[in-house]
There are 2 protein chains.
Amino acid sequence: MPAYNAFYAQSGGVTPVINASAAGVIQTAAQYPDHINKVYAGQDGILGALYEELIDTSLESPEDIEALKYTPSGAFGSCRYKLKSIDEHRSQYERLIEVFKAHDIRYFFYNGGGDSQDTSHKVSQLSEQMGYPITCVGVPKTIDNDLPFTDCSPGFGSVAKYVAVSILEASMDVASMSSTSTKVFVMEVMGRHAGWIAAASGLAADERGLGPDVILFPEVDFDKRAFLQKVDRIVKEKGQCSIVVSEGAKYPDGTFLADSGVKDAFGHAQLGGVAPVVTQLIKEELDLKCHWAVCDYLQRAARHIGSKTDMEQAYALGKAAVELAVNGTNAVMPTIVRTNDSPYEWTTGHAPLAEVANVEEKMPAHYISDDGLFITDACRTYLSPLIEGEDYPSYSNGLPNYVVLKKNKLEKKLAPFEE
Amino acid sequence: MPAYNAFYAQSGGVTPVINASAAGVIQTAAQYPDHINKVYAGQDGILGALYEELIDTSLESPEDIEALKYTPSGAFGSCRYKLKSIDEHRSQYERLIEVFKAHDIRYFFYNGGGDSQDTSHKVSQLSEQMGYPITCVGVPKTIDNDLPFTDCSPGFGSVAKYVAVSILEASMDVASMSSTSTKVFVMEVMGRHAGWIAAASGLAADERGLGPDVILFPEVDFDKRAFLQKVDRIVKEKGQCSIVVSEGAKYPDGTFLADSGVKDAFGHAQLGGVAPVVTQLIKEELDLKCHWAVCDYLQRAARHIGSKTDMEQAYALGKAAVELAVNGTNAVMPTIVRTNDSPYEWTTGHAPLAEVANVEEKMPAHYISDDGLFITDACRTYLSPLIEGEDYPSYSNGLPNYVVLKKNKLEKKLAPFEE
């Protein structure tokens, strides 16, 4: 059986550990020389395939590939780009086949979240619908933790650890100053549709009163009165209150809190930011001194405080993807299968791409407390192992040794792609 | 010579390493039993002395005192409270003497920034002006790095490391997504009057194009046109641009950018946040997709990424304060004296409190590039050693083992204080 080349690309929002999956794919592919010749990475996701911008990963040093395990962001570039269906946009698929043929590519690994697995699924149909022999395996990744079938999504555990550590630290800061200064601290985290990241902050709450006191989820309609009552009560009891709010927190009518009318001096709606909106509300209604933070990209790039569990799973799923492919399994995505909560034990499984694509796994109701403003013990049991373990990058001159690859491109063989 | 008790307290905004100074004071005091009996910590700074809220640190376990080196925030509580002068408010000083006498306190260690060293200075005058024999030594601390005489201020190095690591990571995120998504990232950091923290982000800039491209300092009047031109040029050259802005960035007329008219739906001025203002400007003028983050308390509580150099200096200054006091030196503050840039070598010295109090050390002009929008090599040389070294806390269940002390209070001997 002759060996063919593999295409690997990164798609959607990047994470602290998506490059660990890349390392898993590249290092594992090297163990199957009878099946896989070289791994070509797409520059900026699927665009790299369409535009024939292919990076020869065999020209990177083994040390640099190993360093991907400790490097956040997307080492090959990522993209937000969704293929239409084969019926709608046949020429795009013909182009993909043309590029794959030109570079002897018969394996396709696409590393992304729900939208990206939709792309993986469409590419996996090439063999059946257009007769091009390709084996396509998705590699899961999303900080939103909203992929179905898998116990969790690589990237989430590290973001979860970042937000839990950050709110733990900030809540201690507020507690030590509250007698004469700030009484309420509000931290905004990502999660437009699912509250997993906000929920993870709850892991920092302990019997000593540290961590967040209130969490606002996208899954729970914002009840202004109940929220303010809880904040007021906690400030009276503890002297201060720490709050974590999902960017996707919304009113019962579906309006995002972040969109609730903040205007600049010119009357233009202001860009994002639910934390200042919540802070303003508390200031006006409860007259308390507040501070707020917006984590934004810091949370999804924070490899310096990455979860060891998360990194290991990201790597394992890259590895599993290659193993599935060389065994001839098409149109699947490897998954994490939890076999025990404590100690956490897991293995890998797989799910059909057709069922993965475009499904959003939200927080189940029993993970949210009855008042809608915190997590339950069941949620803690689920989340806790995902942030376990530290896995620090090495440092020079006080900064992490994150790798930037050489990214040597293959010579193009085709005419430029015209959309 | 009989031994007396010592008062120690934390004042002003807390830092990732102020508790390391506390450990330095407490552990060193134990080495001078002929001079110092017990260390009583004030609950919430000087308020603890006024209200006779005194914590007996001898009742904490040695392990917990050692753990202070790895615990952010103010373990004994801090305060924002400035004593008036002895002439203006003699009764406050009489109360202090009353409390000190009641608890046999003749050493006073006050751990804070410029305002707090003003308090230290006033207390140091008690012996001369009111005849109470007290030895008063300030312990420097401020993330703002604006104390005079010392090479740097404990707390700053860790915040500097946090912002440099954070913008490094975020800039990599943006670089990997910019072909189809965010082009500009804006990160807001602390520093209302001095741009040291913003400057430290510049350490992440390297020959690979990572780190921040533009820095806005409070020391430089905001030039909208020059700023937008630079951002536009960088986006055209690199494909994306990362910006760090001090909360204190201001227009030539002295108005803070953060106060430049952002109103909520009700027409109220919105709480803080210069990052969204800068982002809005870029969006409107350059029509680029932007994201922004506000670090706020996360930066000054982030012990998880503390600088080893900073922690060692914070501890050394607590130790030096006690050594100065037992040698009978009153009314001083120990300082860091740099003896070599690379490798960084330092020792401790001291400065008179009378000259330290209320002086703000801003960024010197030669640390800021000619265009006013970045740091110079001289600045890098100064800043680089301050973020050197990692010094991680231990972790359990994925979270740092930060200590919360027992804080046993002394029995009160006096009538309640009435302001």
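**Exercise 1: an unusual backbone angle**

Find D104(A) in this predicted model and say where D104(A) sits and what is notable about its phi.

Step 1. Look for the loop that runs between helix 4 and strand 4 (105-112) of chain A; D104(A) is in that loop.

Step 2. Now check the backbone angle. Phi of D104(A) is near 60°, which is a positive value in a residue other than glycine.

**Exercise 2: two helices in chain A**

Work out how helix 4 of chain A and helix 5 of chain A are oriented to each other, and which residues make their contact.

Step 1. A word on the approach: two packed helices are described by the angle between their axes and the distance between the axes.

Step 2. Take helix 4 (residues 90-102) of chain A and helix 5 (residues 114-130) of chain A: their axes come within 11 Å and cross at roughly 90°.

Step 3. Angles of 65 to 115 degrees count as roughly perpendicular, so helix 4 of chain A and helix 5 of chain A are roughly perpendicular to each other.

Step 4. Pick out the residues. Helix 4 of chain A brings Y93(A), L96(A) and I97(A), and helix 5 of chain A brings V123(A), L126(A) and M130(A).

Step 5. Sort the residues of this contact by class: six are nonpolar, with no polar and no charged ones.

**Exercise 3: two helix pairs in chain B**

Describe how helix 9 of chain B packs with helix 10 of chain B, then do the job again for helix 1 and helix 12 of chain B.

Step 1. The axes of helix 9 (residues 224-238) and helix 10 of chain B come within 11 Å, crossing at roughly 70°. Helix 9 and helix 10 of chain B are therefore roughly perpendicular to each other.

Step 2. On the helix 9 side of chain B you'll find L228(B), V231(B) and D232(B), which meet I282(B), E285(B) and L286(B) in helix 10 of chain B. That contact has four nonpolar residues, no polar ones and two charged ones.

Step 3. On to the other pair: helix 1 (residues 18-29) and helix 12 (residues 308-326) of chain B have their axes 7 Å apart and pack at an angle of about 35°. Their crossing is right-handed.

Step 4. List some of the residues involved. Helix 1 of chain B contributes, among them, A20(B), G24(B) and T28(B), while helix 12 of chain B contributes residues including A314(B), G318(B) and A321(B). By class, the contact of helix 1 with helix 12 of chain B has 13 nonpolar, four polar and two charged residues.

**Exercise 4: a matching bond in each chain**

Which peptide bond is cis in chain A, and which one in chain B?

Step 1. In chain A, go to the bond from S342(A) to P343(A): it is cis, with omega near 0°. P343(A) lies in the loop between strand 10 (332-340) and strand 11 (345-352) of chain A.

Step 2. In chain B, the bond from S342(B) to P343(B) is cis, with omega near 0°. P343(B) is in the loop between strand 10 (332-340) and strand 11 (345-352) of chain B.

**Exercise 5: domains of chain A**

Split chain A into its domains and describe how they touch.

Step 1. Domain 1 covers 4-155 + 303-359 + 389-400 of chain A, and domain 2 covers 159-301.

Step 2. The C-alpha centres of domain 1 and domain 2 of chain A are 34 Å apart.

Step 3. Their contact takes 15 residues from domain 1 of chain A and 13 residues from domain 2 of chain A. The side of domain 1 that touches domain 2 divides into five nonpolar, seven polar and three charged residues.

**Exercise 6: how the chains pair up**

What relates chain B to chain A, and which helix of chain B gives the most to its side of the contact?

Step 1. Superpose chain B on chain A with a rotation of 180° and 0.0 Å of shift along the axis; the RMSD is 0.0 Å. That is the relation of a two-fold axis.

Step 2. Now compare the surfaces. 100% of the interface residues of chain B are also interface residues in chain A, so the copies meet through the same surface.

Step 3. Look at the contact itself, which takes 72 residues from chain B and 72 residues from chain A. Helix 7 of chain B gives the most to the side of chain B that touches chain A, with 13 residues.

Step 4. Finish with the classes: that side of chain B has 36 nonpolar, 22 polar and 14 charged residues.

Definitions and conventions. Residues numbered from 1 in each chain as written. Chains lettered and ligands numbered in written order. Predicted model: local features only at pLDDT ≥ 70, side-chain atom pairs only at ≥ 80, totals over all residues. Contact = placed C-beta atoms within 7 Å. Helix = DSSP H or I, 4+ residues; strand = E, 2+ residues; numbered from the N terminus. Nonpolar A, V, L, I, M, F, W, Y, C, P; charged D, E, K, R; others polar. Domains from an automatic or database assignment. Axes fitted to C-alpha atoms, helices over the stretch in contact; angles between N-to-C directions. Parallel < 35°, antiparallel > 145°, perpendicular 65-115°, else oblique. Least-squares fit on C-alpha atoms with pLDDT ≥ 70 in both. Left-handed = near helix turned anticlockwise from the far one by under 90°.
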